[in-house]
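Colleague: I am new to this structure and would like some help with reading it. Could we go through it together, one feature at a time?

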Amino acid sequence: MKFELKNLTRRFGDRIAVNSVNVEIPQGQMVGVIGRSGAGKSTLLRMINRLQEPSSGSIHFGDQEVSALRGAALRHWQRDCAMIFQQFNLVPRLDVMTNVLLGRLNHRSTTMSMLNIFTREERIMAIAALERLGIEQTALQPAGTLSGGQQQRVAIARALMQTPKMLLADEPIASLDPLNAKIVMDALRDINEREGITVITNLHTLDTARNYCERIIGMAGGKVVFDGPPSALTASAVQEIYGSDRDGAGIDETMTSTAINIPAAAISSGASQSVGIEHLAGARA
Ligand SMILES: Nc1ncnc2c1ncn2[C@@H]1O[C@H](COP(=O)(O)OP(=O)(O)O)[C@@H](O)[C@H]1O
Ligand SMILES: [Mg+2]
């Protein structure tokens, strides 16, 4: 099923946050959106999920016009494209299991939702999602007590409960240390590869986009200024996306890097955290 943005534009007053974006994404791609702060990355994702309305242009999924959906059809779309955020957006005082089950809310009747009744099948599904992310041992803890990396994995488990067709991630690793960033990116890649779910993720570091995404969309001033595979992202393309700094010097790629390349020593000392990776690898085999 083809996903398409046509002349998608969003204005805030006289400022154009997203400027006539045209993009076609086949089902199952892993796409990284990069660009400076203020380039329009978040606004683009939020329009796709209909958290923000376009000023003009349209969004299409198959033969459905997403940007025209209302009511129940709009809620179905929002269920089909799950979103994860830099700040996780969990309910900190609720336990992890309940946070994950909240991903089912859009699948349920209002009465069932209001009574907070989850079926046995939903609970089994939630445990399976937590196991897949390697954090089932945290199920009964208040979400707010977990580390950032664990909270982001809870958010991914919650997103999986929506059985989405598309996963939208807005700088999912920007608040994480390199090891947890790797665990989270590996989880997104695993979901993309195993389920064929399209992943569109905003990333603040170029190296992560290069390492994980088959396609990179570069934005500058609301416009798409690059769209292609990592191999086509030359120094001049990078320059066009990030521009040059005030002194006129070109951007140094290491400036946009959080270096996900972790020394072996750090991995062995973070053994408990890397259980998640082993778990995912094991599940794939
Ligand atoms: N709710 C808003 N009201 C006014 N201006 C906004 C709003 N959201 C974003 N903008 C502006 O739109 C532009 C793009 O912002 P954003 O999409 O957040 O960029 P990015 O995610 O790439 O940092 C920025 O100039 C920002 O100030
Ligand atoms: Mg943003």
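**Strands, a helix and a ligand**

Modeller: Let's begin with strand 6 and strand 7 (residues 166–170), which run parallel and are joined by five bridges. Helices (H or I, at least four residues) and strands (E, at least two) are DSSP runs, numbered from the N terminus. This is a predicted model: local features need pLDDT of at least 70, side-chain atom pairs count only at 80 or more, and totals for chains, interfaces and linings use all residues. Residues are numbered from 1 along each chain as its sequence is written, while chains are lettered from A and ligands numbered from 1 in the order written.

Colleague: Which residue stands opposite Cys81 in strand 7?

Modeller: Met166 does.

Colleague: What is the order of the strands in the open sheet?

Modeller: In general, strands of a sheet pair through backbone hydrogen bonds, either parallel or antiparallel. Two strands count as paired if DSSP finds at least two bridges between them. Here six strands form an open sheet in the order 6-7-8-3-9-10, with mixed pairing. Strand 6 (81–85) and strand 10 (223–228) stand at the edges with a single partner strand each, so one side of each has no neighbour in the sheet.

Colleague: How far apart are the end C-alpha atoms of helix 7?

Modeller: The expected span of a helix is 1.5 Å times one less than its number of residues. For the 18 residues of helix 7 (residues 178–195) that gives 26 Å, and the end C-alpha atoms are 25 Å apart, which agrees. Gly196, with a positive phi near 70 degrees, follows helix 7.

Colleague: Which helix gives the most to the shell around ligand 1?

Modeller: A residue counts as near a molecule if its C-beta atom, placed from the backbone, lies within 6 Å of it. Helix 1 gives the most, three residues.
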